[in-house]
Amino acid sequence: MGIPRDELRRLRNEIDIASLIERLAIPSKVRDGYLRFLCPVCSDFHTATNPRTNLARCFRCERNFNPIDLLIVERGWRFLDAVRFLQRLSPPGDRPRAHRSSRSEAHRPP
Ligand SMILES: [Zn+2]
């Protein structure tokens, strides 16, 4: 079995890399306007995250990590485990919630 290419792209784009770093409790700090994280490969802070590409980069390793890569290197998970974890954070078909109505709750019968 495989994960559809579109689904992988969705996960790489929709799972905010900075939030994921926070969620994984990877040490991080903001310097010069960039969220920098402790690289799980070389343990150096010579890193940055790019909100535009949603990638975390280590300048020392010269590597970019997307959310899937980050789980694989930080947790030591297999590719599919990383994908499933991200799918739980952002289930397929779960679109942005800005327009979700709370009407049904407000008009709950007594
Ligand atoms: Zn590194």
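**Entry 1: strands 3 and 4**

I started at T47 and found that it stands opposite C58 in strand 4. A note to myself on the source: this is a predicted model, in which local features need pLDDT of at least 70 and side-chain atom pairs count only at pLDDT 80 or more, while totals for chains, interfaces and linings use all residues. Residues are numbered from 1 along each chain as its sequence is written.

I then looked up the neighbouring rung, where A48 has R57 in strand 4 as its bridge partner. Strand 3 and strand 4 (residues 55–58) run antiparallel and are joined by four bridges. I take strands as DSSP runs of E with at least two residues, and helices as runs of H or I with at least four, both numbered from the N terminus. Two strands pair if DSSP finds at least two bridges between them. The two strands form a hairpin with four residues between them, and N54 in the turn has a positive phi of about 55°.

**Entry 2: the rest of the sheet**

Next I followed R57 to its other side, where it stands opposite N64 in strand 5. Strand 4 and strand 5 are antiparallel, with three bridges joining them. They too make a hairpin with four residues in between, and here E62 has the positive phi, about 55°.

Which order do the three strands take in the open sheet? I read 3-4-5, with antiparallel pairing. Strand 3 (47–50) and strand 5 (63–65) are the edge strands, since each pairs on one side only. From one strand to the next the twist averages 25°.

**Entry 3: C42**

I went back along the chain to C42, which sits in the loop between strand 2 and strand 3. Is C42 buried, exposed or partly exposed? C42 has 13 C-beta neighbours inside 10 Å and so counts as partly exposed. (With C-beta atoms placed from the backbone, buried needs 20 or more others within 10 Å, exposed 12 or fewer, and partly exposed lies in between.)

Leaving out residues up to four places away in sequence, C42 touches C58, R60 and C61. A contact here puts the C-beta atoms, placed from the backbone, within 7 Å. C42 and C58 are 16 residues apart along the chain, and their C-alpha atoms are separated by 8.7 Å.

**Entry 4: the other hairpin**

Strand 1 (residues 28–31) pairs with strand 2 (residues 34–37) in the antiparallel sense, over four bridges. V30 stands opposite L35 in strand 2. Two residues lie between these strands, and D32 in this hairpin takes a positive phi near 55°.

**Entry 5: helices 3 and 4**

I turned to helix 3 (residues 67–75) and helix 4 (residues 79–89), which pack at about 120° with axes 9 Å apart. The axes are lines fitted to C-alpha atoms over the stretch in contact, and angles run from 0 to 180 degrees between N-to-C directions. The pair is therefore oblique, as under 35 degrees is roughly parallel, over 145 roughly antiparallel, 65 to 115 roughly perpendicular and the rest oblique.

Which residues of helix 3 meet helix 4? I listed P67, I68, L71 and I72, facing F79, A82, V83, F85 and L86.

**Entry 6: the whole chain**

Finally I stepped back: the protein chain has five helices and five strands, in the order α-α-β-β-β-β-β-α-α-α from the N terminus. Of its 110 residues, 21% are buried.

Note on methods. Contact = placed C-beta atoms within 7 Å.
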